[in-house]
Amino acid sequence: MARKKSLPGQLIQAYRAAQKAKEAEAKRQQQLQDRAARAAEHERKRQERERARQEREQAQEWTRAQKAAERERLAQTRAAEQVERDLAKREAERARQTEAKKKAAQRQAAEQERLAKQQAAQETRATAERRTAEVQRKVLELNSVLSSAYTPSLARRKQVEAALVQGDPEELTRAVETAVIEASYPEGLRDSWRCAFVPESRELLLEVDLPGQSVIPTAAAYRYKASTPPTVTAHPRKEAEIKQLYRLLVARLALRAIDEVLTLTPASLVDVVAFNGHVNAKNRATGKAIRPCLVSVRATRETVGDLVLDEPELDPVECLRHLNAVVSQHPYDLEPVRPVVTFDLTKYKWGPDIDVVAGLDHRPDLMELDPIEFEHLVRRLFEAIGLKAWVTQASRDDGIDAVATNEDPIVGGLCIIQAKRTRNAVPADTVRALAGVMHDKAAAKGIIVTTAWFGKASKDFAYRTGRMELIDGRGLKALLLEHLGIDALISLPKTPVGWETRDQS
């Protein structure tokens, strides 16, 4: 049997047991605390792990989100880039199409421009050809004025004949103009006509307004010039050709007017036509209106009837000279001539330049003739002698009053004539001047005809040349009586030395 402990022992034992229990409790508590701490630590670690896991998950989720966002962004970027590429492609396609359209439009515009230029060039060439053809047609018309024969109707002839018998100048002019207006004239060539009739001499007086110089085309042709734009340039006609065309035209119109009037009028009433052709113009130096006479002729029906006016080789100027017409040598310069005949159409009266031979009485005084009448009397004298003569123009005649042609094949040739109606001796300088003109014109002979006389120096000079003839008043008086049947007077203030009274009277 165990010995029973004492109280202190028990107390101590109890204390010790309490201490142990306390320690055990403390230990348990410590263990609990430790367990709790470990649990807390474990929980903390778990939480940390959980947080770490969550964080990892969050990080992963964020990463995934970031990756998803990046993928989305990349996808959006790729989609945007694709859109941009598509837009750029479409824009490029549109640009390509636009450029293609632009190039096509440019090609079309270039083609249209080429075609337009080609058409313009063709039209310009056609215009040049047309205008050239018009000029050539105009020149052909001018050159063929005499080719169109005029055949008036019987009614027109009777109308003109009635006007001739009636004697009214206005009615005659109206009848002639009414008749000839039916004739075919190129445009711009026919102007007004004025007529009068002298039944005693069976002469019809005809005054015609000739066209101005503007009817002659100043361009010979029109040429195409390949410029931008193409143009038509005029190739000017040579001035000498223009003047020659106008000179020939004036002559043709004069011949045609004379022929038409003789065709219109009966031979029983009209045998002679006195024609003056004037042109209305402006004096280039003063600007004033002038009306120079460019051609004047007195022709008979017989002489005109011998002409073949529609012959292509006919020279109208030479033809007028054949008719002893006075023709301006420079009509384009409006150089006038002194009319062979001047007349007052309203009174049917001859002016001072009537046919001189017909107008002189039985004993005419040569000193009472005016210079123009005297020149034409000398002309008629040489015609009667057998020379072919005509009076030259009033100016630029180089001192020539008349030109005569001797058609003798041996001793013939050109003859220069001067007519001096004077009461004094002809100066020796005049004779020497004629020698210079003869040399310049290559004339075979020179003649000075005067109503007065020549001095010894003049006669000696003429004798030395061997080609000059001096006809003084006595010789002229004898020639007029021999060839024209005119017993003329020469009323000089005194009888020249060597003359007799009968040489003047």
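**Strand S2, its sheet and its surroundings**

Me: Val 198 has Glu 203 in S2 as its bridge partner. How do you know in which sense S1 and S2 pair?

Reply: S1 and S2 (residues 203-210) are joined by six bridges in the antiparallel sense. Pairing calls for at least two DSSP bridges between two strands, and these two have six. Trp 193 also stands opposite Val 208 in S2. The model is predicted, with residues numbered from 1 along each chain as its sequence is written, and local features need pLDDT of at least 70, side-chain atom pairs 80 or more, while totals for chains, interfaces and linings use all residues. Side-chain values rest on heavy atoms, with hydrogens and water left out.

Me: What lies beyond S2, and which strands are called edge strands?

Reply: S2 pairs with S5 in the parallel sense over eight bridges, and Glu 207 has Asn 276 in S5 as its bridge partner. Five strands make up an open sheet with mixed pairing, in the order S1-S2-S5-S8-S9. S1 (193-198) and S9 (326-327) are the edge strands, as each pairs on one side only. Strands here are DSSP runs of E of at least two residues, and helices are runs of H or I of at least four, numbered from the N terminus.

Me: Why is S2 called largely enclosed?

Reply: Buried means under 20% relative accessible area, exposed over 50%, and partly exposed in between, with a 1.4 Å probe and protein chains only. Eight of the eight residues of S2 are buried, so S2 is largely enclosed by the rest of the structure. On one side these are Glu 203, Leu 205, Glu 207 and Asp 209, and on the other Leu 204, Leu 206, Val 208 and Leu 210. For the protein chain of 505 residues, 36% count as buried.

Me: What makes Ala 24 partly exposed?

Reply: The relative accessible area of Ala 24 is 42%, so Ala 24 counts as partly exposed. Ala 24 lies in helix H1. Leaving aside neighbours within four places in sequence, Ala 24 is in contact (heavy atoms within 4.5 Å) with Gln 19 and Gln 29.

Me: Why is H1 called oblique to H4?

Reply: The axes of H1 (residues 7-143) and H4 (residues 239-264) come within 9 Å and cross at roughly 40°. An angle under 35 degrees would be roughly parallel, over 145 roughly antiparallel, and 65 to 115 roughly perpendicular; the rest are oblique. The crossing angle therefore makes H1 oblique to H4. Val 139, Leu 142 and Asn 143 in H1 meet Leu 245, Leu 249 and Arg 252 in H4. These residues divide into four nonpolar, one polar and one charged.

Me: Which strands does H4 touch?

Reply: H4 packs on the sheet and touches S1, S2, S5 (272-279) and S8 (293-300). The direction of H4 makes about 145° with that of S5.

Me: What makes a set of residues a nonpolar core, and which members of the largest one touch the most others?

Reply: A core is a set of buried Ala, Val, Leu, Ile, Met, Phe, Trp, Tyr and Cys residues joined through side-chain atoms within 4.5 Å. The largest has 59 residues, and Leu 172, Leu 206 and Phe 275 touch the most other members. H4 supplies the largest share of this core, 15 residues. Apart from this core lies another, of 23 residues, including Leu 366 and Phe 374.

Key. Axes are lines fitted to C-alpha atoms, for helices over the stretch in contact, and angles run from 0 to 180 degrees between N-to-C directions. Ala, Val, Leu, Ile, Met, Phe, Trp, Tyr, Cys and Pro count as nonpolar, Asp, Glu, Lys and Arg as charged, and the others, Gly among them, as polar.
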